[in-house]
Amino acid sequence: MAGKRVLIFAGGRIDPDVLQDIQADDVLIGADRGALFLVEHGIRPHLAVGDFDSVSPEELDNIKQNCMELIACDPVDKDLTDTELAYNLALKQQPAEILMTGVIGTRLDHTLANVHMMLRGLQQQIRTDIWDKHNYITLTGSECRITDRGYTYVSLLPLTPEVTGITLEGFLYPLDNASLRIGQSLGISNRLTGPEGIVRVSSGLLLIMQSKD
């Protein structure tokens with residue numbers, strides 16, 4: 001799996017435009033209704049996983065017939081969300097990168113849990129990004145190169161109580177060895193000045209969120 005990506009499609013908001021980002025050698029995992037999204041758009045996921053309590057029996061049959069492998073679990077007797085089940089399977093494959101979509105929705109508890117999940121990938125030196133039409137989120141504790149993906153803003157939010165040594169290159173509002181603490185909005189709504197920028201961090205964990213309205 002070295003150098004390859006795992007793409008997770010979960011059951012939240014998914015814009016069909018994200019399908020254009022799928023590459024030929026990507027491994028595709030559909031979590032619950034995210035698997036239905038893939039098959040309904042003519043894409044055969046390598047794996048479908050979840051309790052499938054958000055799909056009808058007919059939709060589940062459609063998933064079964066159009067995925068390479070299906071792992072179903074009891075909706076009551078389980079401790080993990082469908083997205084975390086998918087994320088655990090993605091981590092086991094030791095890819096270079098995991099991309100998750102459909103993980104931002106109306107349930108703020110699920111959204112925050114999915115953002116926090118990115119830490120587990122970072123601990124295994126596997127980059128995890130969350131992306132949809134309005135957001136592209138990554139997490140760093142060292143150095144991260146940010147590519148202009150067509151979003152308007154780049155915001156920095158600490159995931160740990162404090163992040164120190166923040167240095168920005170290629171941004172409208174540069175920082176040099178700055179610190180951010182949880183509860184501060186100093187890092188909100190920056191902008192790239194060119195096709196890419198660099199974020200460096202000395203200590204702590206920093207969420208880098210590209211966004212647009």
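**Domain interface**

I looked for salt bridges across the interface of domain 1 and domain 2, and the rule finds 0. The model is a predicted one. Polar contacts between domain 1 and domain 2 came next: I noted 1 residue pair, with both residues at pLDDT 80 or more.

I then asked which element gives the most to the side of domain 1 that touches domain 2. Helix 4, residues 108–123, does so with 5 residues. Sorted by class, that side of domain 1 has 4 nonpolar, 1 polar and 3 charged residues.

For the bounds, I have domain 1 as 5–133 and domain 2 as 143–211. The contact takes 8 residues from domain 1 and 7 residues from domain 2. I recorded 27 Å between the C-alpha centres of the two domains.

I looked up the buried area as well. Domain 1 and domain 2 bury about 520 Å² between them, and 66% of this is on carbon and sulfur atoms. Within what domain 1 buries against domain 2, V115, L119 and R127 supply 52% of the area, more than any other three residues.

**Helix 3 and T83**

I turned to T83, which is found in helix 3, residues 82–92. Is T83 buried or exposed? T83 has a relative accessibility of 10%, so it counts as buried, the cut-off being under 20%. I listed its contacts, leaving aside neighbours within four places in sequence: A10, A31, M100, V103, N114 and M117.

T83 has company in helix 3, where D82, A86, Y87, N88, A90 and L91 are also buried. I kept the helix geometry in mind while reading that list: an α-helix has 3.6 residues a turn, so residues three or four places apart point the same way.

What covers the buried residues of helix 3? I found that the cover includes strand 1 (5–9), strand 2 (27–31), strand 3 (47–50), strand 5 (97–101) and strand 6 (127–131), along with helix 4. Helix 4 thus appears twice in these notes, here as cover for helix 3 and above on the side of domain 1 that touches domain 2.

After the helix I checked the backbone. Q94 follows helix 3 and has a positive phi, near 50 degrees.

**G3**

Last, I looked at G3, in the segment before strand 1. G3 has a relative accessible area of 63% and is therefore exposed, the cut-off being over 50%. I also noted its C-alpha distance to E97: the two atoms are separated by 7.7 Å, although the residues are 94 apart along the chain.

Technical notes
Residues are numbered from 1 along each chain as its sequence is written. This is a predicted model: local features need pLDDT of at least 70, side-chain atom pairs count only at pLDDT 80 or more; totals for chains, interfaces and linings use all residues. Side-chain values use heavy atoms; hydrogens and water are left out. Helices (H or I, at least four residues) and strands (E, at least two) are DSSP runs, numbered from the N terminus. Buried means under 20% relative accessible area, exposed over 50%, partly exposed in between (1.4 Å probe, protein chains only). Contact means heavy atoms within 4.5 Å. Domain bounds come from an automatic or database domain assignment. Buried area is the accessible area (1.4 Å probe) that two parts lose on being put together, summed over both. A salt bridge is a side-chain nitrogen of Lys or Arg within 4 Å of a carboxyl oxygen of Asp or Glu. A polar contact is a pair of N or O atoms within 3.5 Å; within protein, one must be able to donate a hydrogen and the other to accept it, and residues adjacent in sequence count only if both atoms are side-chain atoms. Ala, Val, Leu, Ile, Met, Phe, Trp, Tyr, Cys and Pro count as nonpolar, Asp, Glu, Lys and Arg as charged, and the others, Gly among them, as polar.
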